[in-house]
Amino acid sequence: MRYVNLGSSGLRVSRICLGMMTYGDPGSSAWMLREDAAEPIVRRAVEAGVTFFDTADMYSKGASEEITGRLLAKLFGRRDDYVLATKVYFPMGPGPNDRGLGRKHVMAAIDASLTRLGTDHVDLYQIHRWDPETPIEETMEALHDVVRAGKARYVGASSMYAWQFAKAQHIAQAAGWTRFVSMQNHYNLVYREEEREMLPLCLDQGVGVIPWSPLARGLLTGSRHRDGRHRTVRSGSDSLADTMYEDTDFDVVDVVCAIAEERGLPPAQIALAWLLGRAGVSAPIVGASKVGQLEDAVAAVGVTLSEEETTRLEAPYRPHPVIGHF
């Protein structure tokens, strides 16, 4: 495993982040794993040197945080040996203040997350989306107070427009509040719209990029076919993926599979190697429901693509509507 600073911050993270959304209540989604099934995968990640783990309060309505907290406490000797990230924004209850990025909810949500995670702090506390109903000044001050209280070491953001992110950063800097050190955005070989504005902004400002869905919800692993067939439980029960990606994306998948065959590697390693080679990308957030998927992600850190391979991978791309900001 290799380690890098998260953007220009002093926080060191493994180049692969294990996304913990896969672990929770199978009653929520057929592809989710209970704690006993998740443990061998997380254990293998720890053995391979993964130190960066990402979850959110809304994953399985908190069950993911509970599992994450228990497993990491069990598998690591010290709390400081790993980097723990979680998120806030989506509804966690029926009340009008059980959601969003208002001060009341942010303060309640961090305490609830820490209780579920079984720790007194997270290393990275992220806003899961932009909240159009709350002034960003209120949100940034609340996040600053979370950091000042010692409940989070750093703060980050997730999918939004570049102008929104720039506005939030400017407001925090002008007020002397904590600025975001990371952007968790939707970015992979078949969705590259972030290259227009968000990635250049993050690179210029020293913000670490930690993409979600780096394998396009399995599309780039060959789990889906042009004719609609699915090879995995996840791909067969993930209706969201069917709305996010288009038929032309299979042109990219075909090249990924061709280069993978030439290299004698799984397609996932080729797709992740491309992402790991992009300027500004600190650590793709990879979900794994099998040990082999985790091992492919770790192995991708050591794969270097040639300029000719990179050109071939990027050539079939077609522009997409903005996906994932809401």
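Biologist: Which aromatic cluster do Phe-53, Phe-76 and one further residue form, and what is that residue?

Modeller: Happy to start there, with the reminder that this is a predicted model. Ring pairing here asks for centres within 6.5 Å, and by this rule the count comes to seven aromatic pairs. One aromatic cluster joins Phe-53 and Phe-76 with a further ring, that of Tyr-82.

Biologist: Nice. Which residue lies over the face of Tyr-317, and at what distance from the ring centre?

Modeller: For a charge to sit over a ring, CZ of Arg or NZ of Lys must be within 6 Å of the ring centre. The residue over the face of Tyr-317 is Arg-192, at 5.0 Å.

Biologist: Let's turn to the strands. How many of the six residues of β5 are buried?

Modeller: In a regular strand the side chains alternate between the two faces of the sheet. On one side of β5, Val-83, Ala-85 and Lys-87 are buried, and on the other side Leu-84, Thr-86 and Val-88 are buried too. With both faces covered, the number of buried residues in β5 is six of six.

Biologist: And which residue of β5 stands opposite Phe-52?

Modeller: Strand β4, residues 52-54, is joined to β5 by three bridges, and the two run parallel. Within this pairing, the residue of β5 opposite Phe-52 is Val-83.

Biologist: Just after β5 I reach Tyr-89. What is its phi, given that it is not a glycine?

Modeller: Most residues other than glycine have a negative phi. Tyr-89 is in the loop between β5 and α3, and it counts as buried because its relative accessible area of 19% is under 20%. Its phi is positive, at about 160°.

Biologist: Arg-217 also has a positive phi; is this residue buried or exposed?

Modeller: Arg-217 is in the loop between β9 (208-209) and α7 (233-237). Its phi is about 55°, although it is not a glycine. Since its relative accessible area is 16%, Arg-217 is buried.

Biologist: Which residue 30 places along the chain from Trp-130 has its C-alpha atom 6.1 Å away?

Modeller: Trp-130 sits in the loop between β6 and α4 (136-148), where it is buried with a relative accessible area of 15%. Leaving aside neighbours within four places in sequence, its contacts include Tyr-89, Ser-159, Gln-164 and Ala-168. The residue whose C-alpha atom is separated from that of Trp-130 by 6.1 Å is Met-160.

Biologist: Which side chain makes a polar contact with the side chain of Thr-119?

Modeller: Thr-119 is in the loop between α3 (103-117) and β6 (122-127), and it is buried, with a relative accessible area of 16%. Not counting residues up to four places away in sequence, Thr-119 touches Leu-84, Leu-114 and Arg-79. The polar contact of its side chain, at 3.1 Å, is with the side chain of Arg-79.

Biologist: One last stop. Why do the buried residues of α11 line one face of the helix?

Modeller: An α-helix has 3.6 residues a turn, so residues three or four places apart point the same way. In α11, residues 291-300, the buried ones are Leu-294, Ala-297, Val-298 and Ala-300. Seen down the helix axis, they line one face because they fall within an arc of 160°.

Biologist: Which elements do these buried residues of α11 pack against?

Modeller: The partners include both helices and strands. Among the helices are α1 (35-47) and α10 (267-276). The strands they pack against are β3 (17-19) and β10 (285-287).

Key
Residues numbered from 1 in each chain as written. Predicted model: local features only at pLDDT ≥ 70, side-chain atom pairs only at ≥ 80, totals over all residues. Heavy atoms only, no water. Helix = DSSP H or I, 4+ residues; strand = E, 2+ residues; numbered from the N terminus. Buried < 20%, exposed > 50% of the residue type's maximum accessible area, 1.4 Å probe, protein only. Polar contact = N/O pair within 3.5 Å; in protein donor to acceptor, adjacent residues only side chain to side chain. Contact = heavy atoms within 4.5 Å. Phe/Tyr/Trp six-rings, centres within 6.5 Å; stacked < 30°, edge-to-face > 60°. Lys NZ or Arg CZ within 6 Å of the ring centre and 35° of its normal. Arc of directions from axis to C-beta. Pairing = 2+ DSSP bridges.
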